[in-house]
Amino acid sequence: MAGLAQTPLILAGEGWADYGLVDSGDGRKLERYGPHRFVRPEPQALWRPRLGRWEADGEFVPASDEDGGGRWQFARPVPREGWPLAWGEVRFTAQCTPFRHLGFFPDMAPVWDWMGEQLAGKADAATLNLFGYTGVGTLALSAHGPVTHVDASKKSVAQARANAALSGMEERPVRWIVDDAAKFAAREVRRGRRYDGIILDPPKFGRGPEGEVWRLEDHLPGLIADCRRLLDADSRFLFLTVYAVRMSSLAIAGLLHEAFADLPGTIEHGDLAVREDGPEGRLLPTAIFARWQKD
């Protein structure tokens, strides 16, 4: 039976050439995305900023309600269609989206590294990326074998394919699928498919391409159960991230512990975080995670 680690971990990402967390505080964060800097809301930045003044090309100003809306305000011109960035060999387009994001999640960089470590030495590893967004994680996984990329947003999948072209990875063995993640996973179970690794990044609330409603608390247990059926004793990992919920990482780790009771390995959990630039950079938490790995 997979053992459950009781002590939470911090999986912290460091800045790199094309991204960095410059400063944070007073409920906001200042980040660099290649040649541009942006300010975005960050409720977990409860402390005071280190820098006296923030210089940014733009800022996302949230709406006064709690529906997650808002708009960008720009101090300098920013390319409307985006600009290229890179993480290792993966190239992708950063862009100021209406949802305050910029086309990828930089706190996932240590997760991409970790998945590569789990697949080391295994040829043609088959992996599944559910809620795959714009495909940076998918392209990182594609270095190890065939990947199935699933997202309900046709626009996100189109951007993921464009990122593959930008990276010169159009010929990599990736299946690009626009579908409801839970329905797709259930069909894969019925087909008798298996994977060497699964990563999933479900939203708190969402809708599938045919109006399917997703609520994390209601539908995550069933999805995890199906993901378990797509893995076996020879599989390497499952990595689950959860954002913007009032929930402990121990809760989602307990869900994995129940689902993976018949497999060997270890279940760990904790916080994703990004470290500010500089020698005394603070850690800014961004999400909770739980993961199963084969020992």
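**View 1. What the buried side of helix α3 packs against.** The buried residues of α3 pack against four elements: β9 (90-94), α2 (136-141), β11 (147-151) and β12 (174-178). Here buried means under 20% relative accessible area, exposed over 50% and partly exposed in between, with a 1.4 Å probe and protein chains only, while contact means heavy atoms within 4.5 Å. Helices (H or I, at least four residues) and strands (E, at least two) are DSSP runs, numbered from the N terminus. Please keep in mind that this is a predicted model, where local features need pLDDT of at least 70, side-chain atom pairs count only at pLDDT 80 or more, and totals for chains, interfaces and linings use all residues. Residues are numbered from 1 along each chain as its sequence is written, and side-chain values use heavy atoms, leaving out hydrogens and water.

**View 2. The two faces of α3.** Ser156, Val157, Ala160, Asn163 and Ala164 are the buried residues of α3. They lie on the same side of α3, because they cover an arc of only 115° around the axis, taken from the directions from the helix axis to the C-beta atoms. Lys154 and Lys155 are exposed on the face turned away from that buried side.

**View 3. α3 from end to end.** Helix α3 has 13 residues (154-166), and its end C-alpha atoms are 18 Å apart, which agrees with the 18 Å expected at 1.5 Å a residue. That expected span is 1.5 Å times one less than the number of residues. Just after α3, Gly168 takes a positive phi of about 70°.

**View 4. Leu11 and its contacts.** Leu11 sits in strand β2 (residues 9-13) and is buried, at a relative accessible area of 16%. Leaving aside residues up to four places away in sequence, Leu11 touches Pro110, Val111, Phe239, Asp271, Leu272, Ala273, Phe289 and Arg291.
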